[in-house]
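Subject: Structure for you to look at, with notes

Dear colleague,

I am handing over the structure below, followed by my notes on what was found in it. Please read them with the coordinates open beside you.

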Amino acid sequence: MTESDWLTEGFEKNRTRLRAVAYRMLGSFAEADDAVQEAWLRASRSDTGAADNVGAWLTTIVARVCLNVLRSRRTRREEPMGVHVPDPVISRLDGTNPEEEALLADSVGLALLVVLETLTPAERLAFVLHDMFDLPFDEIAPMVGRSPATARQLASRARRRVRGADLHTPDPDVARQREVVDAFYAAARGGDLDALVAVLDPDVVLRSDGGTARPDASVVVHGAAGVARQVLRFHQPSAVARPALVNGAVGVVLTMGGQPFAVIGFTVSRGKIVGIDAVADSERLLRLDLAVLDD
């Protein structure tokens with residue numbers, strides 16, 4: 001086997017893992033795919049003789065690429081100001097495929113990705129690589145230009161931020177989640193404020209990202225009464241709700257006239273909706289793979 005064949009085989013074997021690393025780092029499928037492609041280009045131009053573990057070596061390369069993207073976001077302020085909900089992983093209700101499972105390992109819900117976006121680039125890299133992919137701090141330290149002890153501190157700070165966000169774990173019974181979301185939509189269709197409030201946790205948070213195309217749809221609302229009123233204000237009776245899993249939890253893909261209108265993920269915990277994360281950015285919706293829902 002030639003060196004080129006060895007590298008190609010190793011890259012294809014690790015591609016799914018590399019995309020999972022990049023998705024956690026960037027929260028964007030387009031940027032994650034670009035990062036994986038850039039990692040391949042860098043690897044193919046490098047001397048592979050010193051790479052004893054091709055998977056770890058490629059992970060290091062893609063992590064460095066992602067770190068540069070995160071730093072560039074901050075420097076050039078490319079990220080949209082205001083509300084931003086990361087790209088959702090959309091799956092059928094009857095299960096996920098192996099690539100989706102890799103993206104969603106460690107319960108990577110949209111709410112967690114939102115918290116990760118509040119971290120510094122170095123904190124996010126240290127947390128993702130150590131806590132989610134078990135890389136030792138000796139390997140993480142050179143990526144961020146710090147000592148292993150400092151890399152450990154970066155991950156610790158990130159961990160405290162994640163724990164402090166008090167993220168809820170979805171109820172394990174997807175069918176029960178579905179019942180709660182169905183009751184939510186029945187109340188919305190009926191314009192029943194009280195019924196909506198009844199299925200919402202008192203401290204529920206609604207986060208909606210309309211992007212530059214729909215700035216009116218970008219909001220963050222706290223509390224059951226406020227969320228219920230916001231839902232009734234923006235409810236579209238003509239929209240078709242297609243059931244789906246959104247980052248492993250129950251959600252819907254809304255379409256109007258056959259075109260995607262919004263992807264909404266629900267976090268149902270202890271029988272109540274504690275979080276609603278919606279992507280209503282028309283440009284990003286067109287880039288999502290909704291064919292996974294087709295029969």
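In this predicted model, helix 7 (residues 137–144) packs against helix 8 (residues 148–164) with an angle of about 90° and with the two axes 8 Å apart, which means that helix 7 is roughly perpendicular to helix 8. On the helix 7 side the contact is made by F137, D138, I140, A141 and V144, and these meet P148, A151, R152, L154 and A155 in helix 8. Sorted by class, this contact of helix 7 with helix 8 holds eight nonpolar and two charged residues, and no polar ones.

The buried residues of helix 7 are F137, I140, A141, M143 and V144. They lie on the same side of helix 7, because the arc they cover around the axis is only 160°. As a general background to this, an α-helix has 3.6 residues a turn, so residues three or four places apart point the same way. After helix 7 comes G145, which has a positive phi near 65°. On the other side of helix 7, in the loop between helix 6 and helix 7, is D134, a residue other than glycine whose phi is nevertheless positive, near 60°; with a relative accessibility of 65%, D134 counts as exposed.

Helix 8 has a further packing partner in helix 6, for which the angle is again about 90° and the axes are 8 Å apart, and helix 6 and helix 8 are therefore roughly perpendicular to each other. The residues that meet here are A122, E123, A126, F127, H130 and D131 from helix 6 and A151, L154, A155, R157, A158, R159, R161 and V162 from helix 8. By class, the contact of helix 6 with helix 8 divides into eight nonpolar residues, one polar and five charged.

Turning to the interior, the largest nonpolar core contains 63 residues, and L116 and L125 are those with the most contacts inside it. At least two residues of this core are supplied by each of helix 1 (3–26), helix 2 (29–44), helix 3 (54–76), helix 5 (110–116), helix 6 (121–132), helix 7, helix 8 and strand 4 (240–246), and the largest share, 10 residues, comes from helix 3. If neighbours within four places in sequence are left aside, L116 is in contact with R24, R124, F127, V128, M132 and V162. Apart from this core lies another one, of 29 residues, which includes V199, V221, V231 and V268.

Helix 3 is also where T59 is placed, and T59 counts as buried because its relative accessibility is 1%. Not counting residues up to four places away in sequence, T59 touches R17, L18, V21, L129 and L135. T59 and R15 are separated by 44 residues in sequence, and their C-alpha atoms are 9.6 Å apart in space.

V231, named above as part of the core of 29 residues, belongs to helix 11 (residues 224–234), where A224, G226, V227, A228, Q230 and V231 are buried. Among the elements that cover the buried residues of helix 11 are helix 9 (174–189), helix 10 (193–199), strand 2 (200–209), strand 3 (219–222) and strand 7 (272–279).

Three loop residues remain to be described. N247, in the loop between strand 4 and strand 5 (249–256), is a residue other than glycine with a positive phi, near 50°, and with 9% relative accessibility N247 counts as buried. D94, in the loop between strand 1 (90–91) and helix 4 (98–104), counts as exposed at 63% relative accessibility; D94 and W6 are 88 residues apart in sequence and 37 Å apart in space, C-alpha to C-alpha. P172, found in the loop between helix 8 and helix 9, is exposed as well, with a relative accessible area of 81%, and between P172 and W6 there are 41 Å in space, C-alpha to C-alpha, for a separation of 166 residues in sequence.

With best regards

Conventions
Residues are numbered from 1 along each chain as its sequence is written. This is a predicted model: local features need pLDDT of at least 70, side-chain atom pairs count only at pLDDT 80 or more; totals for chains, interfaces and linings use all residues. Side-chain values use heavy atoms; hydrogens and water are left out. Axes are lines fitted to C-alpha atoms, for helices over the stretch in contact, and angles run from 0 to 180 degrees between N-to-C directions. Helices (H or I, at least four residues) and strands (E, at least two) are DSSP runs, numbered from the N terminus. Angles under 35 degrees count as roughly parallel, over 145 as roughly antiparallel, 65 to 115 as roughly perpendicular and the rest as oblique. Contact means heavy atoms within 4.5 Å. Ala, Val, Leu, Ile, Met, Phe, Trp, Tyr, Cys and Pro count as nonpolar, Asp, Glu, Lys and Arg as charged, and the others, Gly among them, as polar. A nonpolar core is a set of buried Ala, Val, Leu, Ile, Met, Phe, Trp, Tyr and Cys residues joined through side-chain atoms within 4.5 Å. Buried means under 20% relative accessible area, exposed over 50%, partly exposed in between (1.4 Å probe, protein chains only). The arc is that of the directions from the helix axis to the C-beta atoms.
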